[in-house]
Amino acid sequence: MPELTRRNFMKFTAASVAAAAVADKQHVSADTGDADKAFPLMTAGATSAYGLCHFCSVGCGIEVKIKDNKVVSTEGFPDHPINEGTLCPKGRSMKELANSDLRLTHPLVRKPGSDEWEPISWENAMDKIANKVKEVREETFSKTKNIDGDEVTVNRMDGIFSLGSAEIDNEEAYLYTKFNRALGIHNYTHQAEI
Ligand code: SF4
């Protein structure tokens, strides 16, 4: 192997750039080198939609490419002031949230004693969650003693922990805090803190 000098490094780099430019212009197949067997870009003909990555609180801008009603690519949005076109692997792989066969599209419930998950309706799931919150809330309200030594229940409970979302803005975070306090939940935080 020839010694890597500054001069032949520059020559090699220039040759590589020139070859890449020619290949790009001719759209040469990466496998065969045949111009007529070149494969099209997977995003060719796709439309774009813009949004935010919801995995973490950084809030990177995402350009979603859609073709035949399917998400074919998620890329960083170059004009977004936060990420300027970059994405971490989580944001880059976000298309799998829409396309994965493992994606859940309806709520499931595992009944007591059962080892199977069964589909239920959204209404049913919401009712179950609301009833459970009410049950736990009533069971775990804190007790304290008043000035006369009598035990009293106070509007504070330890039975529920609440975790906010990286997707919500300042105003929504304010409402989230108010909602928790109204329920008596004092163990809560925001996903951005994690
Ligand atoms: S792309 Fe990565 S850093 Fe940006 S919001 Fe998503 S998870 Fe966070």
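Helices (H or I, at least four residues) and strands (E, at least two) are DSSP runs, numbered from the N terminus. The model on screen is predicted, with local features requiring pLDDT of at least 70 and side-chain atom pairs counted only at pLDDT 80 or more, while totals for chains, interfaces and linings use all residues. Residues are numbered from 1 along each chain as its sequence is written, and side-chain values use heavy atoms, with hydrogens and water left out.

**The whole chain**

Begin with the protein chain coloured by secondary structure, where 5 helices and 8 strands appear, following the pattern α-β-β-β-α-α-β-β-α-β-β-α-β along the sequence. Of its 194 residues, 20% count as buried, where buried means under 20% relative accessible area, exposed over 50%, and partly exposed in between (1.4 Å probe, protein chains only). Taking a contact as heavy atoms within 4.5 Å, 33% of the contacts between residues at least 6 apart in sequence join residues at least 24 apart.

**The sheet E1-E2-E3**

Select residues 47–52 for strand E1 and 70–76 for strand E3, which are the edge strands, each pairing on one side only, in an open sheet of 3 strands with the order E1-E2-E3 and antiparallel pairing. Two strands pair if DSSP finds at least two bridges between them. The twist in this sheet averages 30° from one strand to the next, with axes being lines fitted to C-alpha atoms (for helices over the stretch in contact) and angles running from 0 to 180 degrees between N-to-C directions.

Now add strand E2 (residues 61–67), which pairs with E3 in the antiparallel sense over 6 bridges, and look for isoleucine 66, which stands opposite valine 71 in E3. In the loop between E2 and E3, select aspartate 68, which has a positive phi of about 50° although it is not a glycine. Most residues other than glycine have a negative phi. Aspartate 68 is exposed, at a relative accessible area of 72%.

Continue to glutamate 84, in the loop between E3 and helix H2 (89–92), where phi is again positive in a residue other than glycine, near 45°. Glutamate 84 counts as exposed, at 60% relative accessibility.

**The ligand**

Next display the ligand together with the residues around it, Cys53, Phe55, Cys56, Val58, Gly59, Cys60, Leu87, Cys88, Lys90 and Gly91, each having a heavy atom within 4 Å of the molecule. This shell divides into 7 nonpolar, 2 polar and 1 charged, on a scheme in which Ala, Val, Leu, Ile, Met, Phe, Trp, Tyr, Cys and Pro count as nonpolar, Asp, Glu, Lys and Arg as charged, and the others, Gly among them, as polar.

**Proline 107**

Move to proline 107, in the loop between helix H3 (95–99) and strand E4 (108–109), and buried with a relative accessible area of 12%. Leaving aside residues up to four places away in sequence, proline 107 touches Glu118, Pro119, Ile120, Ser121, Trp122 and Ala125. A C-alpha to C-alpha distance drawn from proline 107 to alanine 125 should read 6.7 Å, although the two are 18 residues apart in sequence.

**The sheet E6-E7-E8**

Select the other open sheet of 3 strands described here, with the order E6-E7-E8 and mixed pairing. Strand E6 (141–145) and strand E8 (185–189) stand at the edges with a single partner strand each, so one side of each is left without a neighbour in the sheet. The twist averages 25° from one strand to the next.

E6 joins strand E7 (residues 151–163) through 4 bridges, running antiparallel, and the bridge partners in E7 are methionine 157 for phenylalanine 141 and valine 152 for threonine 144. Between E6 and E7 lie the 5 residues of a hairpin, where glycine 149 in the turn has a positive phi of about 85°. E7 and E8, by contrast, run parallel and are joined by 4 bridges, with phenylalanine 161 opposite asparagine 187 in E8.

Add helix H4 (residues 122–139), which lies across E6 and E7 at about 135° to E7, and then helix H5 (residues 170–183), which lies across E6, E7 and E8 at about 150° to E8.

**The nonpolar cores**

Finish with Val136, Phe141, Met157, Ile160, Leu183 and Ile185, the 6 residues of the largest nonpolar core, a core being a set of buried Ala, Val, Leu, Ile, Met, Phe, Trp, Tyr and Cys residues joined through side-chain atoms within 4.5 Å. Not counting residues up to four places away in sequence, isoleucine 160 touches Val133, Val136, Ile185 and Asn187. A second, separate core has 5 residues, including Cys53, Ile62, Val71 and Met94.
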